[in-house]
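User: I'd like to go through this model with you piece by piece. Could you take my questions in turn and show your reasoning?

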Amino acid sequence: MAKTKRKKIIFPTKKELSEAMAEYTANLSAKFCKARGYFTVVLSGGDLISWLSELLEPMYQESIEWSKWHIFWVDERVVPLDHKDSNYKLAFDGFLSKVPIPIANIYAIDKDCAALGDAKGAAILYEECLKRLVNRDIIRTYKSSGFPQFDLQLLGMGPDGHMASLFPGHYQIKEKADLVTYITDSPKPPPKRITFTLPVINCASYNLMAVCDEAQADAVAKVFNDNFDLPAAWLTADVEAIWFLDQAAASKIPKGH
């Protein structure tokens, strides 16, 4: 499994965090588009999409090679794609519909499984999708494991320390063979979800974890104290695993961490 030391940057405001995330993403887009002709980006839900709105500014709209982006989700709620709880809908309405990424490069979960609430089927088909894109060399593979290696994942964390749909005390965090797994009893509604497994998450070249607000401060402090009961404490990456925090989220991190 990829290993790199956890880093952090603390921002005075969410606005500054959002601006830095846009710059970070744009720089990596330029790097990977030049090197490979593709940029594979993995999104999550929650507040992340609103923070990504900085990429809608003219300077980025004009400079980013959007046609080379390929968009995935680290986890998804198994609900119809037009449902208010869908991460796809959140991202499409707030971001993807406003940039010229080809629709064929946006990989939502299977719409029939989503409509039926078939979490297991959705996980199987999403894993098959990833494998097809590996075979087409759109997604790279990690050097030792052969697992998919995404260029950039943009992640969030809940107050309980969950990331993606890997929750404390649930067995999915221990899954090492599958690329995508599913959960039908999520402690946070809706109950049915699919999620990348930890080895896939940690094989990414760059993992950026963005966390804001005081509600997350206890969990952030536990992560930086290496409390591995929290799934987010396991986050690493091949090149860089970096946490972008606002001052409220970082307020309980012990000095020296």
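Analyst: What follows is a set of questions and answers about this predicted model.

User: Let's start with helix 6. How far apart are its end C-alpha atoms, and what span should its residues give?

Analyst: Helix 6 covers residues 119-135, which makes 17 residues. At 1.5 Å a residue, the expected span is 24 Å. The model agrees with that, since the end C-alpha atoms of helix 6 are 25 Å apart.

User: Which residue caps the N-terminal end of helix 6?

Analyst: Look for a side-chain oxygen by the backbone nitrogen of G121. There is one at 2.9 Å. The residue that supplies this oxygen, and so caps the helix by the 3.5 Å cut-off for a polar contact, is D118.

User: And what do the buried residues of helix 6 pack against?

Analyst: The buried set includes A119, G121, A122 and A123, and further along Y126, E127, C129, L130 and L133. One helix and several strands meet these residues. The partners are helix 5 (111-116), strand 3 (69-73), strand 8 (180-183) and strand 9 (193-196).

User: Now helix 8. Why does it count as largely enclosed?

Analyst: Helix 8 has eight residues, and the buried ones are A217, A219, V220, A221, V223 and F224. Strand 1 (6-11), strand 10 and strand 11 are among the elements that cover them. Helix 8 is largely enclosed by the rest of the structure because the buried share is six of the eight.

User: What is the phi of D226, just after helix 8?

Analyst: Most residues other than glycine have a negative phi. D226 is not a glycine, yet its phi is positive. It sits in the loop between helix 8 and strand 11 (240-246), and the value there is about 60 degrees.

User: Which residue just after helix 6 takes a positive phi?

Analyst: We can go to the stretch just after helix 6 and look at the backbone there. A positive phi of about 65 degrees turns up. The residue is D137.

User: D213 also has a positive phi. Is D213 buried, partly exposed or exposed?

Analyst: D213 is in the loop between strand 10 and helix 8 (217-224), with a phi of about 90 degrees. Leaving aside neighbours within four places in sequence, it is in contact with K14, D246, A248 and A249. Its relative accessible area is 28%, and buried would need under 20% while exposed would need over 50%. So D213 is partly exposed.

User: How does D226 come out on accessibility: buried, partly exposed or exposed?

Analyst: The cut-offs are under 20% for buried and over 50% for exposed. D226 has 42% relative accessibility, so it falls in between. That makes D226 partly exposed.

User: Where is the cis peptide bond that involves P190?

Analyst: Most peptide bonds are trans. Here omega is near -5 degrees, and the bond is cis. P190 is found in the loop between strand 8 and strand 9, and the bond in question runs from P189 to P190.

User: On to the largest pocket. Which residues lie nearest its centre?

Analyst: The largest pocket has a volume of about 370 Å³, and 24 residues line it. Helix 2 (48-51), strand 4 (75-77) and strand 10 (206-211) each give two or more residues to that lining. By class, the lining has ten nonpolar, eight polar and six charged residues. Nearest the centre are G45, G46, G156, M157 and K188.

User: What is the relative accessible area of D75?

Analyst: D75 lies in strand 4. Leaving aside neighbours within four places in sequence, D75 is in contact with S44, N87, A164, S165, R193, I194 and T195. It counts as buried, because its relative accessible area is 5%.

User: Same question for L48: what is its relative accessible area?

Analyst: L48 has its place in helix 2. Beyond its neighbours within four places in sequence, L48 is in contact with M21, L43, L154 and L155. L48 is buried, at a relative accessible area of 3%.

User: Last one: what is the relative accessible area of T40?

Analyst: T40 is in strand 2 (residues 39-43). Beyond neighbours within four places in sequence, its contacts are H70, F72, I138, I139, Q149, F150, D151 and L152. T40 is buried, and its relative accessible area is 0%.

Technical notes
Residues are numbered from 1 along each chain as its sequence is written. This is a predicted model: local features need pLDDT of at least 70, side-chain atom pairs count only at pLDDT 80 or more; totals for chains, interfaces and linings use all residues. Side-chain values use heavy atoms; hydrogens and water are left out. Helices (H or I, at least four residues) and strands (E, at least two) are DSSP runs, numbered from the N terminus. The expected span of a helix is 1.5 Å times one less than its number of residues. Buried means under 20% relative accessible area, exposed over 50%, partly exposed in between (1.4 Å probe, protein chains only). Contact means heavy atoms within 4.5 Å. A polar contact is a pair of N or O atoms within 3.5 Å; within protein, one must be able to donate a hydrogen and the other to accept it, and residues adjacent in sequence count only if both atoms are side-chain atoms. On a 1 Å grid over the protein atoms alone, a cavity is a set of points where a 1.4 Å probe fits but cannot get out, and a pocket is an open set with protein on both sides within 12 Å along at least five of seven lines; lining residues have an atom within 4 Å of a point. Grid points are joined across faces, edges and corners, and a volume is the space filled by probe spheres set on the points. Ala, Val, Leu, Ile, Met, Phe, Trp, Tyr, Cys and Pro count as nonpolar, Asp, Glu, Lys and Arg as charged, and the others, Gly among them, as polar.
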